[in-house]
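Subject: Structure for your review

Dear colleague,

Please find the structure below, with its sequence. My notes on it come after.

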Amino acid sequence: MADLVEEEQQQVIGINEEGQNKVVTESEENNKRLHLEGQGEKDMPPASGNSIHRSSSRPQLDVSKAEIQSNVEDKYPTILLPNQSDDLSHLALDIGGSLIKLVYFSRHEGHSDDDKRKKSLKERLGLSNGNRRSFPILGGRLHFVKFETGKINECLDFIHSKQLHCGGLESRYSDAAADQNAIIKATGGGAYKYTDLFKERLGVSLDKEDEMDCLVAGANFLLKAIRHEAFTHMEGQKEFVQIDHNDMFPYLLVNVGSGVSMIKVDGDGKFERVSGTNVGGGTYWGLGRLLTKCKSFDELLELSQKGDNRTIDMLVGDIYGGLDYSKIGLSASTIASSFGKTISETKELENYRPEDISLSLLRMISYNIGQIAYLNALRFRLKRIFFGGFFIRGHAYTMDTISFAVQFWSNGDAQAMFLRHEGFLGALGAFMSYEKHGLDDLMVHQLVERFPMGAPYTGGKIHGPPLGDLNEKISWMEKFLQKGTEITAPVPMTPVAGTTGLGGFEVPLSKGSALRSDASALNVGVLHLVPTLEVFPLLADPKLYEPNTIDLADPSELEYWLTILSEHLPDLVDKAVASEGGTDDAKRRGDAFARAFSAHLSRLMEEPSAYGKLGLANLLEMREECLREFQFVDAYRSIKQRENEASLAVLPDLFVELDSMDEETRLLTLIEGVLAANIFDWGSRACVDLYHKGTIIEIYRMSRNKMRRPWRVDDFDVFKERMLRTGDKKRPPHRRALLFVDNSGADIVLGMLPLARELLRRGTEVVLVANSLPALNDVTAMELPDIVAEAAKHCDILRRAAEAGGLLVDAMINTDSSKENSSSVPLMVVENGCGSPCIDLRQVSSELAAAAKDADLIILEGMGRALHTNLYAQFKCDALKLAMVKNQRLAEKLIKGNIYDCICKYQPAS
Ligand SMILES: CC(C)(COP(=O)(O)O)[C@@H](O)C(=O)NCCC(=O)O
Ligand SMILES: [Mn+2]
């Protein structure tokens, strides 16, 4: 099978500043001590040959040639460990009878922390290096891959090609490949069966972990760390369930493998196998194979989808002449006896359709499991039942049948829940059993699940060849276009004219254009571990916070937004290709990106919850991530530059105009300015069409002239009262305002900067919050200091504040001048931790979280940050949401208005 799970680029990564060049803090000192205590083992003679001895799977720090790298004022000196290998707990396996599940870890490429903005900000906000340094795994990714056990050699090749058995390709010391004593954690029966094979082929020993321990550890981790891990499945409808981490235990874990285990879980490492049944996945597959001659489990399962069990099962209606047995609540269609009909007929096996047999079997076994599970939940008074294991395989009918059984037998009191990573519980648990990886300390907001380019093609399926570099990825996407149906994963592409010339775009059309036969299978993404992320501290109630405004569970909304994104593709690819010089290589990448992203869209059209709970913010972020996957670093770079320059050129005139106004007029003009300038948005189809009709300044003027109040949502008067302190409560000006800025050009220069200046003038500290990574034409935190510096040339208020905030690099070099200005109200820039037009405030950068602690005003600007996300968000402090609605449908839906209507929503702290 040519399926693919391979995702992010797996190039050899150089020394990761936060990783290999270990940085040690107090808490890590403890780790270090622990590791050093284990050094005795290292001193033992090697077990065989000249290989380096690593007698345990515990990571050990090699502190030889360690040196401290710091300057005097550095609070947290860096300790370089040049001889420390990177092979911390990279791989764990669950080798079952039919599938091998792999969980492996790879590091993030490090990004430098030492730019001047960050350095001065850290001092100003009293930020340490974040909590990141207490984690031995300092940011990285967890990958989930499956192989058929029958094709174990493919699995071994995969491990070898990625050098996962000796620390991964990124390891500085891939000589570790020669390490004959490396140990990999493994669970499942195959950990015993294939010990010799692993030793022979990879030179590694399998360290066996108990299967039940692993299942429970894996399930506990997933339920704690993944926001929408669990879901219910009734009549084909999935609904994701938010599990409260503080109220998770006890629960019943039903693992349906060949046989079935029922485990009562009371806490981490606290569990008891309370029951089980020998009628499980093996029974279905075994009986099914005998009765239908199917060659694989999946084939058998697929047959069931076309089956009709009424030809096999004896129903209540068969006994009661087509009637219900209503006295005891049994409808005519209830199965009275599985396979019961076959006794009363003279037919032989060959007279029954294999499809019907498969369905009958599936229902018999699923009902039985559901019933026994419920009875055990009842026995121990357990509120929640989670089902996992290879039998389920994200198969809609299986889940529906189990759910039905639980509901039926509990009279609706209990509900079955399923886990998205159901097949990986054991492998994850084995991974967790490595010590000191810090994984179990991670919290839900520190994990981000991303779906790489291969995701739409794989679903719950088995892994194909590993892809090493970008070129291989591109070729893989091209192969799909050329070979079409020859490849197992079908291709939903409809070539459309007007691409970059090298390929076509696929448009998600309808559920009919299925990527895979079992549309319901759920995809498992790559888990990015980002220990620096934090929950935005000013959310009124993080538990009630839902970032997305539009519910994509509504099929018409989903179809609309998927189509919009699909229609945007040609223009986006043009921009992306142009941003990389329009070379043939860029065109090839552009086409591959278009195919990859449209495959995601098609997949989601086919199965909206394939990637978990889906919101518009996820879709918009996925597009940016997909661009990055094909190495388009910043598709709108030159557009942004051009717009910044044009806007900066007219900024001095705007300052003069504003300064001639009285306070009240000025405030109104400023808010009008922000709303008007939000029209410069390359993500909106309507706006992009507008840009062909005039220059930046002409469009800006036109937009400002149309800015007449009342706006569609207009809380300006209440905001004005607070700002001018004219109301009953004469409150002092705000202490600190966080301005979540949006687009480059007029939006930031002529809209948000003048508003920031006004706040500074009133003595309010201003923190400009910008994206960490590019997204459309949004301004980034890296770009902002230069823009501020340019603007500051024309304005003393901005200059002093920027100097005080450490934004003007030249001024920072002159320490006397920064001291002189230390009394000025500072203007700062912080990154928000994301690379998307929207913002999920449950996962923001630590610098934003630190800046938020003293803030009493939040201004969210733009459609992405204030409409698609956060429109209904409640905050602990005053909040102003400003945006122009640049989409007709959204305007109608949200504000019963029209495209280009504006929102000025002010919510004082309650
Ligand atoms: C991508 C965007 C959220 C960016 O808007 P912004 O935050 O820059 O105001 C917005 O342009 C959008 O929703 N565009 C898709 C809809 C359309 O093209 O009409
Ligand atoms: Mn934007």
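The notes go from the overall content to one sheet, then to the core, the ligand shell and two single residues.

Overall

Please keep in mind that this is a predicted model. The protein has 910 residues, of which 52% are buried. Its secondary structure comes to 31 helices and 25 strands. Among contacts with a separation of 6 or more, 74% join residues that are 24 or more positions apart.

The seven-stranded sheet

One open sheet is built from seven strands, in the order β7-β6-β3-β4-β5-β18-β17, and its pairing is mixed. Its edges are β7 (205-208) and β17, each of which pairs on one side only. On average, neighbouring strands in this sheet are turned by 25° against each other, direction ignored. Helix α13 (residues 425-432) packs on the sheet, where it touches β3 (91-95), β4 (99-107) and β6. The direction of α13 makes about 140° with that of β3.

At the β7 edge, β6 (residues 183-187) and β7 run parallel and are joined by four bridges. In this pair, alanine 186 stands opposite lysine 208 of β7.

Further across, β4 and β5 pair in the antiparallel sense over nine bridges. Phenylalanine 105 has leucine 142 in β5 as its bridge partner. Strand β5 is mostly covered, with eight of its nine residues buried.

Strand β5 (residues 140-148) also pairs with β18, again in the antiparallel sense, over three bridges. Leucine 142 faces leucine 527 of β18 across this pairing, and glycine 140 stands opposite leucine 529. Leucine 142 is thus a bridge partner of phenylalanine 105 and also stands opposite leucine 527.

On the other edge, β17 (residues 447-450) and β18 are antiparallel and share four bridges. Here arginine 450 is placed opposite valine 526 of β18.

Which residues of β18 are buried, and which are not? In this strand (residues 526-529), Leu527 and Leu529 point to one face and are buried, while Val526 and His528 point to the other face and are not. Such alternation between the two faces of the sheet is what a regular strand shows in general. The two residues named above as standing opposite β5, leucine 527 and leucine 529, are the buried ones of β18.

The nonpolar core

The largest nonpolar core holds 240 residues. Val254, Ile385, Phe593 and Leu739 have the most contacts inside it. As a general tendency, nonpolar side chains are buried together in soluble globular proteins. Leaving aside neighbours within four places in sequence, isoleucine 385 is in contact with Leu252, Val254, Ala373, Ala377, Val406, Ala414, Ala416 and Met417. One of these partners, Val254, is itself among the residues with the most contacts in the core.

The shell around ligand 1

Ligand 1 is surrounded by 19 residues, and the closest are Gly683, Gly862, Met863, Gly864 and Asn887. By class, the shell is made of six nonpolar, eight polar and five charged residues. Two helices, α21 (685-690) and α30 (863-868), each supply at least two of its residues. The largest share, four residues, comes from α30.

Two single residues

Phenylalanine 630 is found in the loop between α18 (616-629) and α19 (637-659). Is this residue buried or exposed? Phenylalanine 630 is buried, because 25 other C-beta atoms lie within 10 Å and the cut-off for a buried residue is 20 or more. Apart from neighbours within four places in sequence, phenylalanine 630 is in contact with Arg589, Ala592 and Phe593. Phe593 was listed above among the core residues with the most contacts. The C-alpha atoms of phenylalanine 630 and isoleucine 474 are separated by 8.1 Å, with the two residues 156 apart along the chain.

Isoleucine 797 lies in helix α26 (residues 796-804). This residue is only partly exposed, because it has 18 other C-beta atoms within 10 Å, and partly exposed covers counts between 12 and 20. Not counting residues up to four places away in sequence, isoleucine 797 touches Arg757, Leu760 and Arg761. Its C-alpha atom is separated by 24 Å from that of leucine 882, which is 85 residues away along the chain.

Regards

How values were computed. Residues are numbered from 1 along each chain as its sequence is written. Chains are lettered from A and ligands numbered from 1 in the order in which they are written. This is a predicted model: local features need pLDDT of at least 70, side-chain atom pairs count only at pLDDT 80 or more; totals for chains, interfaces and linings use all residues. A residue is near a molecule or strand if its C-beta atom, placed from the backbone, lies within 6 Å of it. Ala, Val, Leu, Ile, Met, Phe, Trp, Tyr, Cys and Pro count as nonpolar, Asp, Glu, Lys and Arg as charged, and the others, Gly among them, as polar. Two strands pair if DSSP finds at least two bridges between them. A nonpolar core is a set of buried Ala, Val, Leu, Ile, Met, Phe, Trp, Tyr and Cys residues joined through C-beta atoms within 7 Å. Two residues are in contact if their C-beta atoms, placed from the backbone, lie within 7 Å. Axes are lines fitted to C-alpha atoms, for helices over the stretch in contact, and angles run from 0 to 180 degrees between N-to-C directions.
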